[in-house]
Amino acid sequence: MNDTPTALPVAVPSTALFTDQYELTMVQAALRAGTAHRRSVFEVFTRRLPEGRRYGVVAGTGRVLDAVENFRFEPALLDWLRERKVVDEATVDWLADYRFRGDIDGYPEGEVYFPGSPIMTVRGTFAECVVLETVILSILNHDSAVAAAASRMAVAAGDRPLIEMGARRTHELAAVAAARAAYVGGFSSTSDLAAGFRYGIPTVGTSAHAFTLLHDSEREAFTAQVESLGSGTTLLVDTYDVTEAVRTAVEVAGPGLGAVRIDSGDLLVVAHRVRRQLDELGATGTRIVVTSDLDEYAIASLAAAPVDAYGVGTRLVTGSGHPTCSMVYKLVARAGEEHGGGEEEGAPLVPVAKKSLGGKLSIGGRKWAARPLDAHGAAEAEVVGTGPLPPELADRQVPVELMRAGRAVARESLDAARDRHRRVREALPLSASQLSRGEPVLPTRYAGTA
């Protein structure tokens, strides 16, 4: 089991410039107006799921905690802001002392979410909260998109393991985050060594076609690999002729050959042929791993094939057609003017929301969320509300404490998040496992909201 906490075991640079400029210019204007320290509540949510998706998956929570704790304006950053005149000197002075000292609640990593779910709630002064908008959204939108794709692929794969191998298909830093999110969503391992080092994810990998092409014959290539890595290795058998390669692989490694990998062709047909040939050669325990531009639909189509594991790259790290979750970060409440800006904790909060047409309507007020169960023990709705939490929902709340007074209070291993996601997904109605297009598997019901 992976017991590595989500905090990185490597030095993390400042995340302060993972910020859109308007966040800092808002701080400048608010400082001048005397409203920068008004107590505020910001909320992360999405108005809709990607088309056809039945549920979303929260991922990146641990990375958000890292980012917030490392959100500080170092001297070089302050000098750059000053030289470029991004903000005035008073704002630079304020940024020099910046540390987030507020509170964050949210859905724990691996949890599922639906339209309107208060995925993350950030509380503090306006200035200290507003500057976190971009970095929080960039992490949650990316990681949750990958985790949702991974979850759908894990459902399609059933008990067969999934290998994340998409590092070469995305930005080098996004690749590490994608591997982490894929693990939360149900993948078993990654080919990316940086992800293994940073997050303790199991890593795998043997050889590519280039290794076979390097040698004068396929037999020489297989012999070199087996002598180096042992007979339990995985041999890539589709560089030339698959049938001949499988025969050579068993001759070189013996019937104890660990696995063969197929990376091209009609995977359904080829897998059946290879399985039959392996069995005839006495390699009944040799596994078959398939790769080649797989997604959840291709994996589902191979359910009846004699496949033992899947390797997925491009479609996974790009969210399988939905590379973002369209999450937003909105001010939903702030202290009233009659309390002098309301920096003190006891000042009552006033719900706020912009009025908008075109599907961008927001609901003001700090939200709670609960998920009641039906008579069969399955979740029946995502109930979101403002005001007092109904007593009957007290033990069904979804958000948890993530940060208090600027310090993370919810560090956990990736395996904990991965296990949570599996449990939560299995508790959803059966239709959640369907890959066909449809509405969210749980309806969102609003309570106590205007």
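How do the residues of the lining of the largest cavity divide into nonpolar, polar and charged? Some notes on that and on a few other spots, bearing in mind throughout that this is a predicted model.

1. The largest cavity. To take the opening question straight away, the lining splits into six nonpolar residues, three polar and one charged. The cavity itself has a volume of about 50 Å³. If you want to find it on screen, select Pro50, Arg53, Tyr55, Gly56, Tyr113, Ala145, Ala148, His322, Thr324 and Cys325, which line it.

2. The other cavity. Searching the whole structure turns up two cavities of 30 Å³ or more, and the second largest comes in at about 30 Å³. Its lining is made of Arg54, Tyr55, Arg152, Val155, Ala432, Ser433, Gln434 and Leu435. By class that gives four nonpolar, two polar and two charged residues. Keep an eye on Tyr55 here: this residue is part of the lining of the largest cavity and also of the second largest.

3. The largest pocket. This one has a volume of about 880 Å³. There are 31 lining residues, and Met165, Ser191, Arg261, Thr291 and Gly311 are the ones closest to the centre. Four elements each supply two or more residues to the lining: β6 (162–164), β8 (234–236), β10 (287–290) and β11 (309–312). Strand β11 gives the largest share, with three residues. As for chemistry, the lining has 12 nonpolar, 13 polar and six charged residues.

4. Helix α1, geometry. I checked the length of α1, which covers residues 21–33. Its 13 residues, at 1.5 Å a residue, should span 18 Å, and the end C-alpha atoms sit 19 Å apart, so the two figures agree. Just past the end of the helix, Gly34 adopts a positive phi of about 80 degrees.

5. Helix α1, packing. Which residues of α1 are buried? They are Glu23, Leu24, Val27, Gln28 and Ala30. These buried residues pack against four other helices, namely α3 (75–83), α4 (89–96), α5 (126–130) and α6 (133–157).

6. Glu23 up close. Is this α1 residue buried or exposed? Glu23 counts as buried because its relative accessibility is 0%, and the cut-off for buried is under 20%. Leaving out neighbours within four places in sequence, Glu23 touches Val130, Val131, Leu132, Glu133 and Thr134. Take Leu132 from that set: it is 109 residues away along the chain, yet the C-alpha atoms of Glu23 and Leu132 are separated by 8.3 Å.

7. Strand β5 and its partners. Residues 120–125 form β5, a mostly covered strand in which six of six residues are buried. β5 pairs with β1 (residues 39–45) in the antiparallel sense, over six bridges; in that pairing, Ser40 has Gly124 of β5 as its bridge partner. β5 also pairs with β3 (residues 103–106), again antiparallel, over four bridges. On that side, Val122 of β5 stands opposite Ile104.

8. Two positive phi values outside glycine. Lys85 is not a glycine but has a positive phi of about 55 degrees. You will find Lys85 in the loop between α3 and α4. Lys85 is exposed, because its relative accessible area is 70% and the cut-off for exposed is over 50%. The other case is Ser326, also not a glycine, with a positive phi of about 60 degrees. Ser326 belongs to the loop between α14 (314–317) and β12 (328–335). With 42% relative accessibility, Ser326 counts as partly exposed.

9. A long-range pair. Asp79 is in helix α3 and, at 37% relative accessibility, is partly exposed. How many residues apart in sequence are Asp79 and Gly265, and how many Å apart in space? In sequence the separation is 186 residues, and C-alpha to C-alpha in space it is 56 Å.

Note on methods
Residues numbered from 1 in each chain as written. Predicted model: local features only at pLDDT ≥ 70, side-chain atom pairs only at ≥ 80, totals over all residues. Heavy atoms only, no water. Expected span 1.5 Å × (residues − 1). Buried < 20%, exposed > 50% of the residue type's maximum accessible area, 1.4 Å probe, protein only. Contact = heavy atoms within 4.5 Å. Pairing = 2+ DSSP bridges. 1 Å grid on protein atoms, 1.4 Å probe; cavity = no way out; pocket = protein on both sides within 12 Å on 5 of 7 lines; lining within 4 Å. Points joined across faces, edges and corners; volume = space filled by probe spheres on them. Nonpolar A, V, L, I, M, F, W, Y, C, P; charged D, E, K, R; others polar.
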